[in-house]
Amino acid sequence: PPTLRALAARHDIRIGTAVDMSALAADPVYRRQVGSEFSTVTAENVMKWEVLEPQRGQYDWSAADRLMAFARQHGQAVRGHVLVWHSQLPAWLTAGSFSSDQLRQILRKHIFDTVGHFKGRIWQWDVVNEAFNEDGTLRDTIWLEKLGPGYIADAFRWAHEADPSAKLFYNDYNIEDVNAKSDAVYQLVKTLRAQGVPVEGVGMQAHETVDYTPTTMRQNMQRFQRLGLDTAVTEADVRMVMPPDAAKLGAQADVYRSMLSDCLATDRCISFTVWGFTDKYSWVPGTFEGQGAANLLDETFTPKPAYDAVRATLAAK
Ligand code: G3I
């Protein structure tokens with residue numbers, strides 16, 4: 001049977017997964033499936049600031065470079081994740097007492113160094129991640145506090161300067177539907193575009209549960225499309241209270257199917273990435289106690305109904 005990536009290519013989209021670099025090194029089954037089934041990859045952790053610059057001024061590109069080499073060998077486009085976020089920052093940065101001017105220079109350098117290191121080899125960069133609260137106000141982070149709201153436009157301008165060929169994304173969770181948070185993202189990117197700031201896409205993370213299917217995702221993607229922006233599903237997973245049963249697995253399949261259909265129905269939805277593809281490696285159980293089984297394959301790499309739904313949805317053309 002054709003691979004997922006071959007089926008996705010018929011729709012002119014890429015299908016992707018987050019990659020756990022420890023699993024990639026240690027688990028040959030995982031490695032083979034990442035290489036064969038997906039046409040885009042995202043580093044689950046190794047392009048985050050705390051990994052890239054653990055000591056100030058001392059970069060460690062090794063794990064990220066291993067992913068770049070893997071992607072190249074397998075003809076995969078890379079989503080760069082992530083440049084400006086409030087989480088997984090190096091301790092020297094969060095514990096240091098920097099002035100606003102110093103912090104602005106530190107962020108600028110981080111963006112130029114990181115985007116520059118991968119220049120010409122990244123398809124989409126998540127430039128700013130999770131900048132909003134659920135009610136649509138800006139999240140209180142070190143960046144907002146010290147630099148003010150202008151840090152967002154600055155980050156996109158710097159990233160574009162460092163690599164004009166990368167598509168620059170704003171990325172967030174709970175913005176799949178039309179709601180207060182996605183309204184705020186809409187206003188942000190509309191304003192940025194009007195000011196000539198090089199934001200080119202909106203990434204919808206899509207960390208879901210089996211209890212709810214986004215109902216207005218298509219409409220939401222289409223309003224971003226009308227602004228001239230690409231969209232992407234960037235971190236899809238659908239968790240459930242353990243243990244799985246047939247009803248939950250069926251509901252999970254419905255959520256994946258619905259989100260993928262919304263992406264396929266939107267011309268400018270250019271990729272559909274899952275945040276891991278096997279329950280063997282998932283961030284969910286460590287974060288949501290008693291929940292898990294959020295991925296397309298179970299922990300033995302056996303396809304679940306969600307995998308069949310994704311495959312069938314891609315094959316229906
Ligand atoms: O690297 C250390 C390792 O040395 C240590 O032995 C181990 C012990 O716990 O921890 C390792 O670090 C963990 C890291 O993942 C790598 O496995 C961190 O504790 C853990 O917090 C970290 O979690 C990641 C999380 O982001 C952190 O915020 C998840 O793997 C990753 O899936 C998750 O991804 C985020 C996206 O970047 C943004 N959107 C939400 C998404 C899910 O939270």
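Select A232 and S271: S271 in strand β9 is the bridge partner of A232 in β8. The model is predicted; local features need pLDDT of at least 70, side-chain atom pairs count only at pLDDT 80 or more, and totals for chains, interfaces and linings use all residues. Residues are numbered from 1 along each chain as its sequence is written.

Widen the selection to the whole of β9, residues 269-274. β9 and β8 are parallel and share four bridges. Strands here are DSSP runs of E with at least two residues, helices are runs of H or I with at least four, and both are numbered from the N terminus. Two strands count as paired if DSSP finds at least two bridges between them.

Now add helix α12, residues 246-264. Together with β8 and β9, helix α12 makes a right-handed β-α-β unit. To check the hand, point the strands away from you: in a right-handed crossover the path from the first strand over the helix to the second runs clockwise.

Return to β8, residues 230-241, and show its surroundings. Eleven of its twelve residues are buried, so β8 is largely enclosed by the rest of the structure. Buried means that 20 or more other C-beta atoms, placed from the backbone, lie within 10 Å of the residue's own; exposed means 12 or fewer, and partly exposed is in between.

Go through the other partners of β8 in turn:

- Strand β6, residues 201-204, runs parallel to β8 and is joined to it by four bridges. Pick G201, which stands opposite D230.
- Strand β7, residues 207-209, pairs with β8 in the parallel sense over three bridges. Here T209 stands opposite R239.
- Strand β10, residues 291-292, pairs with β8 in the antiparallel sense over two bridges. M240 has G292 in β10 as its bridge partner.

Next, select the ligand. The residues around the ligand are E44, N45, S87, Q88, Q205, E235 and W283; a residue is near if its C-beta atom, placed from the backbone, lies within 6 Å. This shell divides into one nonpolar, four polar and two charged residues. Ala, Val, Leu, Ile, Met, Phe, Trp, Tyr, Cys and Pro count as nonpolar, Asp, Glu, Lys and Arg as charged, and the others, Gly among them, as polar.

Finally, zoom out to the protein. There are 14 helices and ten strands. The C-alpha atoms fill a box of roughly 55 × 40 × 35 Å along the principal axes. Buried residues make up 45% of the 317 residues.
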